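This report goes through one protein structure, part by part. Keep the sequence and the 3D view open while reading.

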Amino acid sequence: MSKIVLLETLAEPAMAILQKAGDVELLTAYDFNIESLDKQNVEAVITRGKGQITPEFMDQLPQLKMVARAGVGLDNVDINYATQKGIKVLNNPGVNSQTVAEHAISLMLMLQRNMFQAVSKVKEGNWSWRNEFSGDEIYGKTLGVLGMGTIGQKVAKIAEAMGMKIIYSDPVKHYLPYTYASLEDVLKEADILTLHVPLFDETRNLINEKTLSLMKKTALIINTARGPIIDEKAVYEALVNQKLGGFAADVTNPEPPLEGSPFIGLPNVLITAHLASLTDRTYHKMCVDAVQNVLALLRNEEPQEGCIFNKLQLTNA
Ligand SMILES: O=C(O)C(=O)COP(=O)(O)O
């Protein structure tokens, strides 16, 4: 019987599907330590974003056929190595794009309208600060979108409906009614910059001292992608030296942030704890889709279209 190793807990409905499936055996290794497991017939592992699926990890499982990520970001999976070994890498493209887009817009509005301070003051019983936290409209401003995938497109659509001008940079020019530009031009033009690129070697530290120096001193940056896409130290320096207006993110580097980080404490920095896609609806769907795709492949049935990230490379190999 095929075995599936679960490396992190999944939402209840996904666990129920796995437990009810009579044709697979479920093993768990929530600490990522698979040494003591009986590895015979382990054909699939399911992970979320926590631990790294390294070559050493995959080498311990000689019958491994697939690594499934319940979610989208594959930065914790060594995709090249998996592909070399003929192991399918699965994710759920688009599954959380609406919820992440809504979170990005929320962070944008919170930052632009000083919402966090404004609400906190009233909760403290203080009404008289209202002129200090009046903020500004996003209407009429330019939103720079880095990465026009499914999340970037949703953010752009909502922002456009709110009266923003959209300029974007992406490896591909899309058939979209927005201005396509170079990275440099997007950085220069953006009043608000929102990041929606995956974390790859090419995007690591994309926002650094040099790229920040191209931006407006009043610009805001929103990061709902991955922490290491920005050089936090450079962003911190830019903020304290008034070379950047504000920063809001759902992701940090590392996660959780180091205790007492001066960056997190800045008044114009707002951080949420990597929860953008964790609404019940989306979290359940991310987990259920991953489980159903793994079961379909183990049963030689068709999984959801587009869920095999390295399909093309595997076909061409
Ligand atoms: O799908 C993704 O890439 C995500 O970041 C979702 O959040 P998670 O890492 O599953 O808590």
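Which residues surround the ligand? In this predicted model, the ligand is surrounded by R48, R69, G71, V72, G73, N96, R226, H274, S277 and M286. Sorted by class, this shell has 2 nonpolar, 5 polar and 3 charged residues.

**Contacts with the ligand**

Oxygen atoms of the ligand lie at short listed distances from several of these residues, including R48, V72 and N96. The table gives the part of each residue that takes part and the distance.

| Residue | Part of the residue | Distance to a ligand oxygen atom |
|---|---|---|
| R48 | polar side-chain atom | 2.8 Å |
| V72 | backbone N or O atom | 2.7 Å |
| N96 | N or O atom in the side chain | 3.0 Å |

On its own, the ligand has 310 Å² of accessible area, and the protein covers 88% of it.

**Salt bridges**

How many salt bridges does a search of the whole structure find? The search finds 9. Three of them are described here.

One salt bridge pairs D38 with K3, and their closest N and O atoms are 3.3 Å apart. K3 is in strand β1 (residues 2–6), while D38 is in the loop between β2 (24–28) and β3 (42–47), so the bridge ties together parts that are 35 residues apart in sequence. Is each partner buried or exposed? D38 counts as exposed because its relative accessibility is 51%. K3 counts as buried because its relative accessibility is 7%.

Another salt bridge joins the side chains of R226 and D75, with 3.0 Å from N to O. R226 belongs to the loop between β10 (220–223) and α9 (232–240), and D75 to the loop between β4 (66–69) and α3 (79–84), so this pair ties together parts that are 151 residues apart in sequence. R226 has a relative accessible area of 14% and is therefore buried. D75 has a relative accessible area of 31% and is therefore partly exposed. R226 is also one of the residues that surround the ligand.

A further salt bridge links K141 and D136, and here the closest N and O atoms are 2.7 Å apart. K141 is buried, at a relative accessible area of 16%, whereas D136 is partly exposed, at 33% relative accessibility.

**Helix α4**

Helix α4 covers residues 97–112, which makes 16 residues. Why does the distance between its ends agree with what is expected? At 1.5 Å a residue the helix should span 22 Å, and its end C-alpha atoms are 22 Å apart, so the two values agree.

Many positions in this helix can be checked for burial in the 3D view. The buried residues of α4 are S97, T99, V100, A101, H103, A104, I105, L107, M108, L111 and Q112. An α-helix has 3.6 residues a turn, so residues three or four places apart point the same way. Among the buried residues are V100, A104, L107 and L111, which can be followed along the helix in the view. Just after α4, N114 takes a positive phi of about 50°.

**Backbone details in the loops**

Where are the cis peptide bonds described here? One joins N253 and P254, with omega at about 0°. Another joins E255 and P256, with omega at about -10°. P254 is found in the loop between β11 (246–249) and α10 (262–265), and P256 is likewise in the loop between β11 and α10.

Two asparagines in loops have a positive phi although they are not glycines. For N41, phi is about 70°. N41 sits in the loop between β2 and β3, and with 23% relative accessibility it counts as partly exposed. For N300, phi is about 55°. N300 sits in the loop between α11 (280–298) and α12 (311–316), and with a relative accessible area of 74% it is exposed.

The last residue to look at is M215, in the loop between α8 (209–213) and β10. M215 counts as buried because its relative accessibility is 7%. M215 and L187 are 28 residues apart along the chain, and their C-alpha atoms are separated by 5.2 Å.

Technical notes. Residues numbered from 1 in each chain as written. Predicted model: local features only at pLDDT ≥ 70, side-chain atom pairs only at ≥ 80, totals over all residues. Heavy atoms only, no water. Salt bridge = Lys/Arg side-chain N within 4 Å of Asp/Glu carboxyl O. Helix = DSSP H or I, 4+ residues; strand = E, 2+ residues; numbered from the N terminus. Buried < 20%, exposed > 50% of the residue type's maximum accessible area, 1.4 Å probe, protein only. Near = heavy atom within 4 Å. Polar contact = N/O pair within 3.5 Å; in protein donor to acceptor, adjacent residues only side chain to side chain. Areas by Shrake-Rupley, 256 points an atom, 1.4 Å probe, with all protein chains shown as cover. Nonpolar A, V, L, I, M, F, W, Y, C, P; charged D, E, K, R; others polar. Expected span 1.5 Å × (residues − 1).
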